[in-house]
Amino acid sequence: MRRYLTARLRDDLVIAAMACSAVSCAGSSASVRPTRSAAPSGRVHQLFPSPTTVAWGFYDAAATPVLHVSSGDVVEVGTLITSSPTRLEGAGVQPTDVEPALRAIYDSVKNKGPGGHILTGPIFVDGADSGDVLEVHIEQIDLAIPYAYNAFGPRSGFIPEDFGYAKMKIIPLDAKRMVATFAPGVTIPLHPFFGSMGVAPPPARGRVNSAPPDIHAGNLDNKHLVAGTTLYIPVQVKGALFEIGDGHAGQGNGEVDITALETSLRGRVRLTVRKDMHLTWPRAETPTHWIAMGMDKDLVVATKMAVREAVDFLSKEHAMSRDDAYMLTSVACDVEVTQLVDGNVGVHVMIPKSIFK
């Protein structure tokens, strides 16, 4: 199901999107128009990154939407690698292999920070409001470029005291075999996912850094959220204001040096407003598991939160006593570290569906 966009096709798409964005600046929304009818449950829109269709480094309830969709609509979306053209070229990427949209955004976008992720959006979902849940079903994820990078710095990562300098490595990606060549004799299977998918935080929080995950989801860096999975996010503001980015071709649990296989991605996500669900924290679902999540600056607090979310899910969704839910979490579920490096650390509990008949 995965397809690889060649450099030429990729550039054609980006240039077309940027041209449409130029039209939108004059009062049209051509760069994000619906392109065709989908299944009866919704329409299909396209949204590619350009200087007018991204939020650089933040989630914010006051941000201006770049696209309006209805509940059940699909968005074909592009996201950009989280590095500058200068750094990529300095690490060995040929100038012709740097995406034009990335150059344009670095050249012209001044409204940015405090974080570093270039996020596509925000997307206003009609009908969504505070207290609802936004269901983000990830239908497809494709590689957009033939390389990724991994990097660390002297003030980031989990053990910066051991690596007091900066280093970046460019890693070739093979979209046909779906592997990365990390080094001679070392290949890594690719499992692309969007590291950041989130909605606007509560208005009282103002503009929040794109790095720490929180109640609004955001930079979860959960490697299980691949194509075919669903993320459920509690909505905080009218329209939800969904943003997506931080593409990863793969990642290990923990993401210990602060980066994964960082790359640009293309994908299809279906956005559905769920008024029948009420969540305090994000939750996810794969074909084989439910995923409860916890996030906090303290790893112990985050772990307790994830375990409590698992107990809450089991007791409510499977009509168990809290005692039995706690016991089942201990004997049948796996508690995993999501990431350790994003300000708020993440922990998740994998709840297998196979144990329920």
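**Exercise 1. Find the salt bridge that joins Asp174 and Arg177, and say how exposed each partner is.**

Step 1: the side chains of Asp174 and Arg177 meet in a salt bridge, 3.1 Å from N to O. That term means a side-chain nitrogen of Lys or Arg within 4 Å of a carboxyl oxygen of Asp or Glu.

Before going on, a word on the model: it is predicted, so local features need pLDDT of at least 70 and side-chain atom pairs count only at pLDDT 80 or more, while totals for chains, interfaces and linings use all residues. Residues are numbered from 1 along each chain as its sequence is written, and side-chain values use heavy atoms, with hydrogens and water left out.

Step 2: now check exposure. Buried means under 20% relative accessible area, exposed means over 50%, and partly exposed is in between (1.4 Å probe, protein chains only). Asp174 has 25% relative accessibility, so Asp174 counts as partly exposed. Arg177 counts as exposed because its relative accessibility is 54%.

**Exercise 2. Do the same for Arg274 and Asp276.**

Step 1: these two side chains also form a salt bridge, at 2.8 Å from N to O.

Step 2: Arg274 sits at 22% relative accessibility, so Arg274 is partly exposed. Asp276 is exposed, because its relative accessible area is 56%.

**Exercise 3. Which parts of the chain does the pair Glu76 and Arg268 link?**

Step 1: start with the contact. Glu76 and Arg268 make a salt bridge of 2.9 Å, N to O.

Step 2: look up where they sit. Glu76 is in strand β6 (residues 73–79) and Arg268 in strand β18 (residues 265–274), so this pair links distant parts of the chain, 192 residues apart. Strands (E, at least two residues) are DSSP runs, numbered from the N terminus along with helices (H or I, at least four).

Step 3: both Glu76 and Arg268 are buried.

Step 4: widen the view. Glu76 and Arg268 belong to a network of salt bridges with Glu139 and Arg270. The structure holds 14 salt bridges.

**Exercise 4. Describe the largest pocket and its lining.**

Step 1: get the terms straight. On a 1 Å grid over the protein atoms alone, a cavity is a set of points where a 1.4 Å probe fits but cannot get out; a pocket is an open set with protein on both sides within 12 Å along at least five of seven lines, and lining residues have an atom within 4 Å of a point. Points are joined across faces, edges and corners, and a volume is the space filled by probe spheres set on them.

Step 2: the largest pocket has a volume of about 490 Å³. Its lining has 27 residues, and the closest to the centre are Thr82, His117, Tyr149, Ile258 and Thr259.

Step 3: β9 (147–152) and β17 (242–248) are the elements that give two or more residues to this lining. β9 gives the most, with three residues.

**Exercise 5. How many cavities of 30 Å³ or more does the structure hold, and what lines the largest?**

Step 1: the structure holds one such cavity. The largest cavity has about 60 Å³ of space.

Step 2: name some of the lining residues, including Pro213, Leu220, Met293 and His348. The elements that give two or more residues to the lining are β20 (289–296), β21 (334–339) and β22 (345–352).
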